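Colleague: I am new to this structure and would enjoy a close look at one part of it. Could you pick a part and talk me through it slowly?

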Amino acid sequence: MAETVSEIVSLWTMVLKKAKEKLDDKTIFDAFFAASYIDHIEGAKIYVVVNSGLAAVVLESKYKDLLNECVLETTGTNFSLTFLKEEDVKKVQEVKEDKPAFFEHSTLSPNYNFKNFVVGACNREAYQASLMVSENPGKLYNPLFIYSNSGLGKTHLLHAIGNSIRVRHPNLRVLYATAADFIDEYIKFATGTKEGESLNAFFKDKVDVFLIDDIQFIRKKTGTMEAFFVVFSTLYQQGKQIVLTSDQHPNELNGLDQRLQTRFISGLTLDIKSPDLPTSEGILRSRIEAGGLNVADFDPEAITYLAQRFSSSVRELEEALNRLIFFTVNIKPSKHVTLEVAKEAIQGLIKSQDDQSKLSEEKIIATVADYYNLTPSQITGKIRTLQIAMARHISMYLMRTLLDAPFERIGQAVGGKDHSSVMSGVRKVEKMLKSDPNTAKAIKELTDRLKK
Ligand code: ADP
Ligand code: MG
């Protein structure tokens, strides 16, 4: 991929050379092509400066296919070309610097794509549908709704769809956001912190593909669900693609607005299952290679062992593999990873899982958030309304009593609070437990839920 100035210059020189060969008419080349150069490349778009308005029109209407072909032959990638006069370059840059009114921080992660998604029986349908949606956004399955337990690849697929659409349909504007982001934007707008363009107008004018992750978090939030319904309908009526993910089927999402439930299942609803053995093994092998290691250095039995032992989520599988690699590099350097080495490396991991039956800081935050009708990111965030602060303190208290976690670690888990604020948070809850029956009731119920 051309990145430095000299690479960009030489890329265009090669493209022009090919174009010249393909063109019969040398005067046309000299008049419209010869003086052109690349101003910049952005994602899958190449901005080409030409010497006149006429050249822009001629290249755009007559020679775009030819140039596209030359670009493809030179780079192996499909780019979209935009022809500009010198004076228009500035305008493009100004538009570029125009910050979006909403979702300023939502971006697509380039690390998640279709290529590095391992396909197997457990996820084939969701993968296929995602691929088809990215080929024909808004045309086939709208909305596409993917649900599964955590760690099985939903977020990965959403980003893969977004990245693929950016390349295949560079003129479509893609927005990836989590439901928590949507709630934040809605709150900012509803509380008047944000003025000007409405949330709905933003979607109507500026979004062509809406990828929304973890939609379960809007349950029970009447105002947000209302706003989401309006946005959903606006996009849907314009034939724009919507893809949603959730931890459950729409019909299982208690507290979800009936109208949303109906809309969500009106397109295509698919689940991802826990990885089957061949898929888990495939994921491990692809991760080993992605890490620059050699699969041949791992005994197949070692890979199978890991795949069998950690199949409930891909995230767990990755964690186990990382541990194994760490162990074979740092603790017991071994060039060849046998079954014995694998067993020894992950002994600790299995033990800690069994001990606490997977009770973790994240699980506590998720459970407390659910109990108080908040999102986990509100608990780990900076806002300190009474309810959020209370939920945060209760999370700290539960981490202390149920996990016996050190204050430092609790502080990190709730979004980087220091040792002393964790201590004072835990104390507050201890005090309230004695004086306030509601707190006592909440702690009891939360403890029951977490110990289940
Ligand atoms: P979810 O959103 O369902 O909780 P993620 O998409 O965050 O899960 O996946 C967790 C991790 O597992 C990510 O690192 C992701 O890249 C990886 N992963 C999940 N499924 C696959 C797969 N089929 N192939 C490769 N990596 C996967
Ligand atoms: Mg996810």
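Modeller: Gladly, and let us clear the cysteines out of the way before the close look: searching the whole structure turns up zero disulfides, a disulfide being a pair of cysteine sulfur atoms within 2.5 Å. This is a predicted model, in which local features need pLDDT of at least 70 and side-chain atom pairs count only at pLDDT 80 or more, while totals for chains, interfaces and linings use all residues. Residues are numbered from 1 along each chain as its sequence is written, chains are lettered from A and ligands numbered from 1 in the order in which they are written, and side-chain values use heavy atoms, with hydrogens and water left out.

Cys70 is buried, at a relative accessible area of 0%, and Cys122 is buried too, at 7%. Here buried means under 20% relative accessible area, exposed over 50%, and partly exposed in between, with a 1.4 Å probe and protein chains only.

For orientation, an automatic or database domain assignment gives domain 1 (5-94), domain 2 (124-271), domain 3 (277-356) and domain 4 (361-450). Between the C-alpha centres of domain 2 and domain 3 there are 35 Å.

Now to the part I would pick, the surroundings of ligand 1. It has 18 residues around it, the closest being Val118, Gly151, Lys154, Thr155 and His156; a residue is near if one of its heavy atoms lies within 4 Å. What do its oxygen atoms meet? A backbone N or O atom of Gly151 is 2.6 Å from one oxygen atom of the ligand, and a backbone N or O atom of Gly153 lies 3.0 Å from an oxygen atom of ligand 1. Arg287 brings a polar side-chain atom to 3.2 Å from an oxygen atom of ligand 1. For such polar contacts, the limit is a pair of N or O atoms within 3.5 Å. Taken alone, ligand 1 exposes 560 Å², and the protein buries 93% of that, with areas from the Shrake-Rupley method and a 1.4 Å probe. Two or more residues of the shell around ligand 1 come from each of α7 (154-168), α12 (277-290) and α14 (314-331). These names follow DSSP runs numbered from the N terminus: helices are H or I with at least four residues, strands E with at least two.

One strand to finish: Glu42 belongs to β1 (residues 37-42) and is partly exposed, at 32% relative accessibility. The C-alpha atoms of Glu42 and Phe79 are separated by 9.7 Å, though the two are 37 residues apart along the chain.

Notes. A polar contact is a pair of N or O atoms within 3.5 Å; within protein, one must be able to donate a hydrogen and the other to accept it, and residues adjacent in sequence count only if both atoms are side-chain atoms.
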